[in-house]
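Let's take a friendly look at how two copies of a chain sit together, and then at how the parts of one chain meet.

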Protein chains: 4
Amino acid sequence: MRVKDFSKIDLVFKSTLKLIKSQGIAGITMSKIAKESSLATGTLYIYFKNKEELINALYHKIEKDASARFVSGFNPELPFKQCLKTVWVNYLKHRINFHEESIFMEQYYYSSYITLAQKQLAEEMKKPVYDIINRGKEEGFITKKIESEMLFSAMIGFIRELADEHTENRYMMINNRIDQAFELSWKMITN
Amino acid sequence: MRVKDFSKIDLVFKSTLKLIKSQGIAGITMSKIAKESSLATGTLYIYFKNKEELINALYHKIEKDASARFVSGFNPELPFKQCLKTVWVNYLKHRINFHEESIFMEQYYYSSYITLAQKQLAEEMKKPVYDIINRGKEEGFITKKIESEMLFSAMIGFIRELADEHTENRYMMINNRIDQAFELSWKMITN
Amino acid sequence: MRVKDFSKIDLVFKSTLKLIKSQGIAGITMSKIAKESSLATGTLYIYFKNKEELINALYHKIEKDASARFVSGFNPELPFKQCLKTVWVNYLKHRINFHEESIFMEQYYYSSYITLAQKQLAEEMKKPVYDIINRGKEEGFITKKIESEMLFSAMIGFIRELADEHTENRYMMINNRIDQAFELSWKMITN
Amino acid sequence: MRVKDFSKIDLVFKSTLKLIKSQGIAGITMSKIAKESSLATGTLYIYFKNKEELINALYHKIEKDASARFVSGFNPELPFKQCLKTVWVNYLKHRINFHEESIFMEQYYYSSYITLAQKQLAEEMKKPVYDIINRGKEEGFITKKIESEMLFSAMIGFIRELADEHTENRYMMINNRIDQAFELSWKMITN
DNA sequence: CATGAATGAGCATTCATTCAT
DNA sequence: CATGAATGAATGCTCATTCAT
């Protein structure tokens, strides 16, 4: 018997993401996904119950991968500022290098596919950043007078905007701009 | 001869936005828009050449309205900080009060509806903010060492994130938080 | 505005019946019905919510028409035997002349389309025959010792079998055979 | 080499019949049959060339079994009335106890599966009853003035109707009703 | 202008059948 | 033989668009 080939799942994810990039989440159809993956439409239904589950599975996979990237190269032994910069830069680079995925996630977030449970899960992705902010407060780098949510928003919003400008080729994130941007963030959140 | 009833256009826009809010841009159909507007589908085609043009027209209308809101209450005679705060708060409030519109605009931006010309037009919406930043540089409030794009991203990204958190009921933008957030932005961009 | 053309419903019924005759209830598809009716598939969905409702509506229509035919030419003023013969012959002729319909109704009865309510409705079609049997009992023609259900089964089963034999060209229901068959039924149910 | 496991064929027949009972002949699919039989779909194609042949084989098997049941307990040495009653009751009980099979056979008869040859074969099943009728005519019990087809229809139709009423729980075939019904048949066909 | 019936291409999904293991 | 993954034509149904009224 031919055995289930789970590598097909990754292939389908890749094709779907490519299609979403070029035509938006509204533009994808099962037959386009099948064709882009060089599979028969029926085959998609062996690996995914239906279109909705395919989209959901893609969302979960991307979320999982993204979480892993945020903490890559992170070493809590290092001094606080270095730790923060690692996560800060990881987040910026993730959003630049995986822009398709980021766009998909945002479209998904405001689509009828998402469920409440999934929204809550998405919240958990923020935890590493909050952890850093709290460490900064404990170590006295960050003022305790400002709520973490606000500091979080200031950093994350900045990063997101920079990444989008970069991706749209309006303002490229070359290395010294990255450093400068981080210092700006640092200046804002520190005493 | 009856004349084209332009109030219908607003009605259609309102219905479409309502539908996009609840079902995402992928979920809208011409017949849903017609029903929500209490019109016949054929009538939609009197006012809009096709679905794409309807969506595009909606985008333009929203963009125009938004631009107007950004400068509401703006008086260049006032001192710089007050001017900046007016625009800053306008932008935040716009994004909170017209969240549906903001979501639509972002979904639209990454859909196959948008054209290059429209992307360029969207850029022009940023002009009032850039104008303020430049005035700040001239008046010596804002350091000239940092590029305006970066300062822009820091402010706009922060505002966007705050507004989204508010809309998702995670971190509400009560008045003193607005003031605090603005001061944070001010601290970052000023010398 | 083009106005809903309810004659299309009869056209669809006719086409569907024709298809069921040649391919069985299992063989019908919406696109076959559309093609046979010279309509677009979408048009079918203007008049019927879905395939199931189309089939159900056809069943109801046939049932209604059949009921009308059973009592055609029936005059309760006439002597009992003549009354019985009218209904008896009506039933036989109905089953011969509307054999397609009869076959459809039986296939429908044992399909997953039918509901309990519809089964009960089908029972009511038997009422005219039971009424006659009861009159026969009251007027002393039919023995009261035998339950009406049994007398009903004897007559109806006989008729059904004769009609089927006729339709399959195995034993044709020419006039004197009809008379003879009725006399056989009469002999059985009378004292 | 493993050898074709013919017990699987019976298993498949049983499963198919069960499915047809609950969902009608239109509702069966190869994968449902496979699942109900705890087999792989591919395995079905080892035993049956395709779906049509599976259905046809089932028809033949049922027909064969039915024929055997009709003459069970039949002893031509016994007096005519007893012989007739044996066959008559066998037929009734068959139709009650194997109602699923009977329903299948009728749906099959008016489906696109059946061929002319099979229709002719089905005719042969009637032979035992015709044989009895002819013996009755020779022995003087049954009038020769009435064609055997008509007598056959009268008996078979009656039986079929009684069995259906029983199966639908409308008129149960308890023993004294069976006797009474046979006597009614007997009265009709005898002089 | 306004209507909504009519159209048919296109969609998500199913299913008989094949085939690699 | 047995399996069930793979196929792709076919199905029920939707939807943007047209058109007769």
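To compare copies, they are superposed by least squares on the C-alpha atoms of residues with pLDDT of at least 70 in both. Laid on chain A in this way, chain B fits with an RMSD of 0.2 Å after a turn of 180° and a shift of 0.0 Å along the axis. The two copies are thus related as by a two-fold rotation axis. Of the interface residues of chain B, 98% are also interface residues in chain A, so the copies meet through the same surface.

This is a predicted model, in which local features need pLDDT of at least 70, side-chain atom pairs count only at pLDDT 80 or more, and totals for chains, interfaces and linings use all residues. Residues are numbered from 1 along each chain as its sequence is written, chains are lettered from A in the order in which they are written, and side-chain values use heavy atoms, with hydrogens and water left out.

Now for the inside of chain A. Its domain bounds come from an automatic or database domain assignment.

| Domain of chain A | Residues |
|---|---|
| domain 1 | 1–49 |
| domain 2 | 59–189 |

The C-alpha centres of domain 1 and domain 2 of chain A lie 30 Å apart. Eight residues of domain 1 of chain A are in contact (heavy atoms within 4.5 Å) with eight residues of domain 2 of chain A.

Which side chains meet in a salt bridge at 3.6 Å, N to O? They are those of A:D10 and A:K61; a salt bridge is a side-chain nitrogen of Lys or Arg within 4 Å of a carboxyl oxygen of Asp or Glu. Between domain 1 and domain 2 of chain A, the count is two salt bridges.
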